Amino acid sequence: MKLDASYWQNRYLQQDTGWDIGHVSPPIKEIIDSLSNRALRILIPGCGKGYEVEYLHRQGFTQVIAADYAEEAKREFLLRVPDFPASHFWVEDFFSLAGTFDIILEQTFFCALDPSLRMRYVAHMAKLLADDGTLTGLLFNDFQQALQPPFGGSKEEYFALFKNSFEEVSLEPCLNSIAPRSGRELLLRCRKTIKNT
């Protein structure tokens, strides 16, 4: 299975989007609600229909970049949120994304990638973050042997992986997951510390 742009575009066109909960997830909403600086540069990769993007936009955040592989995801998002600047929704491969961000929000993206790309994912996340920036989001805490996304893992596996690129890594059980994911999610927080030059 090749998890490329065509794969994800077809999933949207066929409405095969079981991961789509139809609203901002409670843990991500809580993270957003804790932010006071509306000028933070925020990236949401693999954003899909972008409920988190929409919530940030409605709360007055002005430097939000949404990114997804599928053109259909962008089309559906802009139909729902027509006042969001279309140039801030990038349709491209995550590994080609460039820029510097204060916060990256991870919502069902890591688990959608082929597990063989996880080390590359972590390194690229660290590259995209500004010094003292944070990567925050949700990871599945289970060992399901899936043949297609979502792909799971364990707290120990994730900690070892993220420790390669981040000086501060926290993985704790998520206490406010939606009901179908209750007890299955870890809240990830990684900080890229300021390097002395």
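Which residues does P173 touch, not counting residues up to four places away in sequence? Select P173 together with E185 and L186, for these are the residues that it touches; a contact here means heavy atoms within 4.5 Å. The tour returns to P173 at its end.

**Before starting**

The model is a predicted one, in which local features need pLDDT of at least 70 and side-chain atom pairs count only at pLDDT 80 or more, whereas totals for chains, interfaces and linings use all residues. Residues are numbered from 1 along each chain as its sequence is written, and side-chain values use heavy atoms, with hydrogens and water left out.

**The whole chain**

Display the chain as a cartoon. Six helices and seven strands make up its secondary structure; helices (H or I, at least four residues) and strands (E, at least two) are DSSP runs, numbered from the N terminus. Followed along the sequence, the pattern reads α-α-β-α-β-α-β-β-α-β-α-β-β.

Now turn the C-alpha trace: along its principal axes it spans about 45 × 40 × 30 Å. The radius of gyration of the chain is 16 Å, which agrees with the value near 16 Å for a compact globule with 197 residues. This radius is taken over C-alpha atoms, and the globule rule is 2.2 Å times the number of residues to the power 0.38.

Next, show the surface. The accessible surface comes to about 9,600 Å², and 52% of it belongs to carbon and sulfur atoms; the areas come from the Shrake-Rupley method with a 1.4 Å probe, and for residues only the protein chains shown count as cover. Of the 197 residues in the chain, 50% are buried. Buried means under 20% relative accessible area, exposed means over 50%, and partly exposed lies in between (1.4 Å probe, protein chains only). Among the contacts with a separation of 6 or more, 67% are between residues 24 or more positions apart.

**Helix 6**

Select residues 155-162, which form helix 6, and then its buried residues Y158, L161 and F162. These residues lie on the same side of helix 6, because they cover an arc of only 85° around the axis; the arc is that of the directions from the helix axis to the C-beta atoms. Add helix 5 (118-128), strand 5 (129-140), strand 6 (168-173) and strand 7 (185-191) to the view, since they are included in what covers these buried residues.

E157 also lies in helix 6. Its relative accessible area is 36%, so E157 is partly exposed. The C-alpha atoms of E157 and N141 are 9.9 Å apart in space, with their positions 16 residues apart in sequence.

**The aromatic rings**

The structure holds twelve aromatic pairs. Rings of Phe, Tyr and Trp (its six-membered ring) pair if their centres lie within 6.5 Å; planes under 30 degrees apart count as stacked, over 60 as edge-to-face and the rest as tilted. Select F77 and F89, a tilted pair at 5.6 Å centre to centre with 45° between the planes. This pair links distant parts of the chain, with F77 in helix 4 (residues 71-80) and F89 in strand 3 (residues 89-91), twelve residues apart. F77 is buried at 0% relative accessibility, and F89 is buried at 2%.

Move on to Y121 and F162, an edge-to-face pair at 6.3 Å centre to centre with 90° between the planes. Y121 is in helix 5 and F162 in helix 6, so this pair ties together parts that are 41 residues apart in sequence. Y121 has a relative accessible area of 0% and is buried; F162 is likewise buried, at 0% relative accessibility.

Then extend the selection to F94, F95, F109, F110, Y121, Y158, F162 and F166, which ring pairs link into a cluster. At F95, add R120, whose charged end sits over the ring, 4.1 Å from its centre; the criterion is NZ of Lys or CZ of Arg within 6 Å of the ring centre and within 35 degrees of the ring normal.

**Two backbone angles**

Most residues other than glycine have a negative phi. T108, in the loop between strand 4 (101-107) and helix 5, has a positive phi near 65°. T108 counts as buried, at 18% relative accessibility. D132, in strand 5, has a positive phi near 70° and counts as partly exposed at 39% relative accessibility.

**Back to P173**

Finish at P173, which lies in strand 6. P173 counts as exposed, at 52% relative accessibility. From P173 to D20 the distance is 21 Å, C-alpha to C-alpha, and the two are 153 residues apart in sequence.
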